[in-house]
Amino acid sequence: MNSNAIISDEMTLDEKLAAIDAAMANAMALAQQKTQTAGVTVQADPADLTMCLGCQ
């Protein structure tokens, strides 16, 4: 996830937090849609979106 595409320096803190929440919700929805399409049931942890692959 590219933070520069989600937030900017001109945004207020509330706007930044709302944008991050929306991006996280969208990413979770996409992940759930992919698993449903593949016929796989996976519980996704939103915290996984905040870590790089090496840290997971």
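Which residues make a nonpolar surface patch of about 280 Å²? The tour returns to this question after an overview of the chain. The model on display is predicted.

**The whole chain**

Begin with the entire chain selected. Its 56 residues form a chain with 2 helices and 0 strands. Of these residues, 9% count as buried. With the surface switched on, the accessible area comes to about 4600 Å², and carbon and sulfur atoms contribute 55% of that area.

**Helix α2**

Select residues 13-38, which make up α2. This helix contains 26 residues, which should span 38 Å at 1.5 Å a residue. The C-alpha atoms at its ends are 38 Å apart, so the expected span and the model agree.

Within α2, select A19, A23, M24, A27 and M28, which are buried. Then add α1, residues 3-6, to the selection: the buried residues of α2 pack against this helix.

**The nonpolar patch**

Now select L13, L17 and I20, the residues that make the nonpolar surface patch. I20 belongs to helix α2. Is I20 buried or partly exposed? I20 counts as partly exposed because its relative accessibility is 38%, between the limits of 20% for buried and 50% for exposed.

**Beyond the end of α2**

Move next to G39, which follows α2. The phi angle of G39 is positive, near 75°.

Continue to A47, in the segment after α2. The relative accessibility of A47 is 35%, and therefore A47 counts as partly exposed.

As a last step, display the C-alpha atoms of A47 and M24 together. These two residues lie 23 residues apart along the chain, and their C-alpha atoms are separated by 9.4 Å. M24 is one of the buried residues of α2, whereas A47 is partly exposed.

Methods
Residues numbered from 1 in each chain as written. Predicted model: local features only at pLDDT ≥ 70, side-chain atom pairs only at ≥ 80, totals over all residues. Heavy atoms only, no water. Helix = DSSP H or I, 4+ residues; strand = E, 2+ residues; numbered from the N terminus. Buried < 20%, exposed > 50% of the residue type's maximum accessible area, 1.4 Å probe, protein only. Areas by Shrake-Rupley, 256 points an atom, 1.4 Å probe, with all protein chains shown as cover. Patch = residues over 30% accessible without salt bridge, like charges linked within 9 Å, V, L, I, M, F, W, Y side chains within 5 Å. Salt bridge = Lys/Arg side-chain N within 4 Å of Asp/Glu carboxyl O. Expected span 1.5 Å × (residues − 1). Contact = heavy atoms within 4.5 Å.
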